[in-house]
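Dear colleague,

I am passing this structure on to you, with some notes below on a few of its helices. Please look through the model before reading them.

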Amino acid sequence: MRAIVITEPGGPEVLQIQEVADPVPGNAEVLIAVEAFGVNHAETHMRKGEWPEATQISGIEAVGTVVTDPSGVLAEGTKVLTIMGGLGRTRNGSYAEYTVAPASNVASIETSLDWADLAAIPESYATAWLALHGNLELEAGQSLLVRGATSALGQAAVNIARDLGATTRREDRAVLLRSLGADDVVIDTGEIAGAVHALLPGGADRVLDLVGNSVLRDSLRAAGTAGRVCQAGFLGGLGPVADFLPAFDMPSGVQFSFFGSFEVGTGAYPIAAVPFEEIVTKAETGVYRATPARVFPFEEIAAAHRLMEAGQASGKLVVTGA
């Protein structure tokens with residue numbers, strides 16, 4: 001089969017299309033013919049050798065059809081999506097014609113969406129859904145601050161909580177966020193806690209931080225008393241928080257947690273906990289604006305990585321057609 005292989009750690013040019021052996025599913029695994037996959041920030045770090053675990057064939061999500069399910073649960077030709085389960089980390093991922101995923105990380109789906117539109121959903125919406133409903137326990141009427149809201153994950157979060165507050169890192173993308181349903185937009189300079197408190201007296205009830213450690217202290221200050229902050233991304237880089245001291249850096253009463261999407265499919269976060277049929281239906285009907293920002297052919301994977309690393313994706317990047 002054709003696959004995009006990381007030939008060595010480095011820039012996008014190290015992603016090369018090669019012929020490799022077809023994968024073979026074992027027990028509790030499913031062989032999937034990949035029709036399309038989303039591109040994710042984690043994959044750029046894997047390509048550069050900055051991630052603790054990475055395989056030569058990257059890709060942590062995909063949509064396609066079942067080729068073989070040894071258990072017999074999923075029939076050949078069933079339309080499915082798959083996310084995580086070690087894809088791209090401990091087992092070869094979705095940057096290929098075929099991928100083998102754990103059955104626990106595969107969900108059948110019925111939809112009229114085309115492959116590219118469907119591929120914009122799995123990782124972003126699963127992560128947003130679980131972080132908002134799990135870590136943050138977001139409820140109707142609460143204010144929500146989303147840092148990194150113009151990213152694919154951020155846009156998914158704004159779609160899910162479309163009647164709540166959002167923040168964007170760039171002024172030229174404020175119109176985009178309002179079109180998705182954000183009530184208010186704060187231009188993110190890295191220090192926005194004061195502006196958030198001016199907009200939401202007392203601070204935000206909930207904060208979803210996708211920028212990461214570079215703004216963690218400020219995100220904690222943006223939350224109100226008894227507020228919750230969930231970090232679920234690292235758009236600002238992988239560097240640690242220097243000299244972080246809870247006694248001085250965490251406001252009293254604010255709860256902080258982390259959600260790692262790589263947990264999806266485990267016992268604590270089963271894939272069934274994400275209502276993919278509901279999410280896809282809302283995308284079909286336009287309740288969620290979940291279309292890709294841009295679609296690339298398989299041969300242009302390097303261009304997709306360059307666009308993402310330049311911070312110009314403005315949403316989900318999708319690759320089709322191995």
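**Helices 10, 3 and 9**

Please keep in mind throughout that this is a predicted model. I begin with the surroundings of helix 10, whose buried residues are covered by elements that include strand 1 (2-6), strand 2 (15-19), strand 3 (29-39), helix 1 (41-48), strand 12 (294-297) and strand 13 (317-320). The buried residues in question, within the stretch 301-309 that forms helix 10, are I301, A302, A304, H305, L307 and M308. Just beyond the end of helix 10 comes G311, which adopts a positive phi of about 70 degrees.

Helix 3 spans residues 122-135, and its 14 residues reach 19 Å from the first C-alpha to the last, which is close to the 20 Å expected at 1.5 Å a residue. Because twelve of those 14 residues are buried, helix 3 is largely enclosed by the rest of the structure; among the buried ones are E123, S124, T127 and N135, along with Y125 and W129. After helix 3 there follows E137, whose phi is likewise positive, near 45 degrees.

Helix 3 also meets helix 9 (residues 276-285), their axes coming within 11 Å and crossing at roughly 115 degrees, and the crossing is right-handed. On the side of helix 3 the contact is made by P122, Y125, A126 and W129, while helix 9 contributes F276, E278 and I279. By class, the residues of this contact comprise six nonpolar, no polar and one charged.

With best regards

Technical notes: Residues numbered from 1 in each chain as written. Predicted model: local features only at pLDDT ≥ 70, side-chain atom pairs only at ≥ 80, totals over all residues. Heavy atoms only, no water. Helix = DSSP H or I, 4+ residues; strand = E, 2+ residues; numbered from the N terminus. Expected span 1.5 Å × (residues − 1). Buried < 20%, exposed > 50% of the residue type's maximum accessible area, 1.4 Å probe, protein only. Contact = heavy atoms within 4.5 Å. Axes fitted to C-alpha atoms, helices over the stretch in contact; angles between N-to-C directions. Left-handed = near helix turned anticlockwise from the far one by under 90°. Nonpolar A, V, L, I, M, F, W, Y, C, P; charged D, E, K, R; others polar.
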